[in-house]
Amino acid sequence: MKPESKFWKQVKENLTDIHWTRLENRIGQGIPDCYGISAGISVWVELKVIRSNKIVLSPFQKSWNFSHSLQGGRNFIMATTFPQSLLYIFPGIVAPSISSIAHCPSPNWQINMHQVPQPWQQVQRILLHSPLPSSQDLPS
């Protein structure tokens, strides 16, 4: 099983209060991998597995995430390493500035999956209930 498929499996198995749909990217360039909904709250999530400290997003993915965020959508990039120890969550508005873990754009959330009690509950709270920044909140 590919690392991205393993990551998707973990998301689906651990965030069970969210009804997930995994999309094939034949639909349109830049559209995130996963769409979820829970109690009327919709969220889009792009899953990335970090290799060599880099988070690779295509120009289409950066554009879609930024544009969707500007319209008030809830969308995130979730990146992890395997074996999974750290999970990084970025709001879609910062997608154009994501390139590596060494230079994480702000704002973001970092969760140590082995040290945080109930890490997946924290992930769910972030995805569904975290306040999202607007373009004015970003560092210039």
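Three exercises on a predicted model follow, each with a worked solution.

Residues are numbered from 1 along each chain as its sequence is written. In this predicted model, local features need pLDDT of at least 70 and side-chain atom pairs count only at pLDDT 80 or more, while side-chain values use heavy atoms, without hydrogens and water.

**Exercise 1.** Find which residues of the largest nonpolar core touch the most other members.

Solution. A nonpolar core is a set of buried Ala, Val, Leu, Ile, Met, Phe, Trp, Tyr and Cys residues joined through side-chain atoms within 4.5 Å. Buried means under 20% relative accessible area, exposed over 50%, and partly exposed in between (1.4 Å probe, protein chains only). The core has 22 residues, and Trp20, Met78, Ile89, Val123 and Leu127 touch the most other members.

**Exercise 2.** Determine which parts of the chain the salt bridge between Glu4 and Arg51 ties together.

Solution. A salt bridge is a side-chain nitrogen of Lys or Arg within 4 Å of a carboxyl oxygen of Asp or Glu. For Glu4 and Arg51 the N to O distance is 2.9 Å. Glu4 lies in helix H1 and Arg51 in the loop between E3 and helix H2 (59-70), so the pair ties together parts that are 47 residues apart in sequence. Helices (H or I, at least four residues) and strands (E, at least two) are DSSP runs, numbered from the N terminus. Glu4 is partly exposed at 25% relative accessible area, and Arg51 is partly exposed at 44%.

**Exercise 3.** State whether Glu46 and Lys48, which form a salt bridge, are buried or exposed.

Solution. Their side chains meet at 3.8 Å, N to O. Lys48 has 16% relative accessibility and counts as buried. Glu46, at 1%, also counts as buried.
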